[in-house]
Amino acid sequence: MNSHTLFTKTPPLRLFFTAALPGSVSMLASALYQLIDGMFVGRFLGETAFAALNLAMPFVIINFSLADLIGVGSSVPISINLGRGNKEKANNIFTCACLMIVGAGVLIGAGLFLAAPALISFMGAQGEFAVFAVQYMRVYALCSPVTTIIFAVDNYLRICGKIRGSMFLNILMSVLSAGLEFLFLYVFRFGIWGAALATCTGMAICACIAFFPFFRGKMLLRFCRPRFSLRMVRQIVACGSPNFLNNIAGRLTSIVMNLLLVRLGGESAVSIYGILMYADGFIQPLLYGMCDSLQPAVGYNWGAGRFDRVKAIERCCFTASAILACAACAVLFSFPGAIARLFMGQGDPAFLEAAAGAMRIFSLAYLTRWFSFATQSYMLAVEKPVFASSISVSTALVFPMVLVAALYPMGLTGIWMNFPGTALLAAVLAFFVLRRFRKTAPATGGQSDSTSGP
């Protein structure tokens, strides 16, 4: 089935299952590997290495965020131009975006490698704790030019209608990375740098596999002689800025949280925060996989003027997001101790009890988080980056920082309460954004697929 038939002819509910479920499986594979990564480091290398990984992780994600900005930011105009039948322009954006990602990987990777010791020292880490964190960061920095592009090729495969191919690629990357990490840490007894090297090796191999059909000219999108323009770059940045700002703002928030946690509770508090982030790293990719997988279809139909299909697709997205988020809340609230023991085994009882209490508070965030997440994805798909950015920055930085100040007297409990508080405020903001968008959106036309929007 080609992209045009898939995006414009397939009934919305069937399209959801065709596109969103493989996308969620892809993200689930990635989430499972992240979970395994934390378990391997925690069990094979100990609590100090686990805390160091979580201290360094915000900087690693910042390293990847620029590639994500270009990948997501280019996929929106590519989809819309394909919907309008302008393949030449779509191919040029695709080619330029790939070159931009590789160049950004070189520059950002070099900067992160040089700045790693100073950044970790600024976080308050000392001794072995700091050494482990610097080692972890520097491996990712060195591999940045050949790994970061994997975050973009996933979008390009889906645009070309290769949804299952994208899914199998993510599964392969997770299995390959997990196998290498077990080999490096358990068999070869490498240090924490071995965990980072395993992930980077898996990503680089899969990036080569993913781009092979593009280089052969067998895909809908093809490489061409690049023609850069300021207008094109601005369009990519504008469309990718919501995700980029969300990543950057979220990592800045994590850095502030870690600064406070090191001072309020030391390595144990950082480890508990890391467990919460691993739980979130398992659930959020499922939400992201559903919503992000539908963006090419939404953008294609938006560009083609099929606004009724846009509404019908998004209604499926909102409903599924709500169901998934509420189920996640129930699991995290009911089994917090079991989840904590995945990372620390039979750890200190006081630590496990503190982690379980934090997990229960954290789980409440998913009761409302799904709404802002789905709304942000919707706004991004229809080229409303200002609306999407307002949600992403507020959710990732503004609301958490306001609540950090308001809840600081409560100590660590206030840190854990920050998550459900932020999710509630973000849902309120998303409601007003969606209401305003409905007043300005184009009137629907043609045979309607639904009678109301999401």
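In the predicted model, Cys 317 is buried, its relative accessibility amounting to 1%. Cys 208, by contrast, counts as exposed at 59% relative accessibility, and the cysteine sulfur closest to that of Cys 208, which belongs to Cys 206, lies 9.2 Å away, too far for a bond. A disulfide is a covalent bond between the sulfur atoms of two cysteines. With a cut-off of 2.5 Å between cysteine sulfur atoms, the number of disulfides found in the structure is zero.

As to the overall fold, the chain comprises 15 helices and zero strands. Its radius of gyration of 21 Å is close to the 22 Å that the globule rule gives for 454 residues, and the chain is therefore as compact as a globular protein of that length. Along the principal axes, the C-alpha atoms occupy a box of roughly 65 × 45 × 35 Å. Of the 454 residues, 57% count as buried, and among the contacts with a sequence separation of 6 or more, 83% are made by residues 24 or more positions apart. The accessible surface of the chain is about 18,200 Å², and carbon and sulfur atoms contribute 67% of that area. The chain carries 32 positive and 16 negative charges, and the mean positions of these two sets are separated by 14 Å.

Several individual positions illustrate how the helices are placed against other parts of the chain. Asn 258 is situated in helix α9, which spans residues 230-303, and is buried with a relative accessible area of 0%. When neighbours within four places in sequence are left aside, the contacts of Asn 258 are with Asn 54, Leu 55, Pro 58, Met 123, Val 270 and Tyr 273. Helix α3, covering residues 47-83, includes Gly 83, which has a relative accessible area of 19% and is thus buried, given that the term applies under 20%. Beyond its neighbours within four places in sequence, Gly 83 is in contact with Tyr 300 and Ala 304, whereas the C-alpha atom of Ala 328, 245 residues apart from Gly 83 along the chain, is separated from that of Gly 83 by 36 Å.

Val 404, a residue of helix α14 (residues 385-407), is likewise buried, with a relative accessible area of 13%. Apart from neighbours within four places in sequence, the residues in contact with Val 404 are Met 257, Leu 260 and Asn 418. Leu 245 is 159 residues apart from Val 404 in sequence, and the C-alpha atoms of the two residues are 19 Å apart in space. In helix α13, which runs over residues 366-381, Ser 377 is buried at a relative accessible area of 7% and touches Cys 291, Asp 292 and Gln 295, residues up to four places away in sequence not being counted.

Two further buried positions belong to helices α11 and α12. Phe 351 is located in helix α12 (residues 349-363) and, at 8% relative accessibility, counts as buried. The contacts of Phe 351, other than those with neighbours within four places in sequence, involve Ser 268, Ser 271, Ile 272, Ile 275 and Met 344. Between Phe 351 and Gly 217, which are 134 residues apart in sequence, the C-alpha to C-alpha distance is 55 Å. Gly 337 lies in helix α11, comprising residues 336-344, and counts as buried at 17% relative accessibility. The C-alpha atoms of Gly 337 and Arg 360 are separated by 9.7 Å, with their positions 23 residues apart along the chain counted as the sequence separation.

The backbone at Arg 189 was also examined. Most residues other than glycine have a negative phi, and most peptide bonds are trans. The phi of Arg 189, however, is near 60°, a positive value in a residue other than glycine. Arg 189 is placed in the loop between helices α7 (163-187) and α8 (192-215), and the relative accessibility of Arg 189 is 59%, a value at which the residue counts as exposed.

Methods. Residues numbered from 1 in each chain as written. Predicted model: local features only at pLDDT ≥ 70, side-chain atom pairs only at ≥ 80, totals over all residues. Heavy atoms only, no water. Helix = DSSP H or I, 4+ residues; strand = E, 2+ residues; numbered from the N terminus. Buried < 20%, exposed > 50% of the residue type's maximum accessible area, 1.4 Å probe, protein only. Contact = heavy atoms within 4.5 Å. Rg over C-alpha atoms; globule rule 2.2 N^0.38 Å. Areas by Shrake-Rupley, 256 points an atom, 1.4 Å probe, with all protein chains shown as cover. Lys, Arg positive; Asp, Glu negative; His and termini not counted. Charge placed at Lys NZ, Arg CZ, Asp CG, Glu CD.
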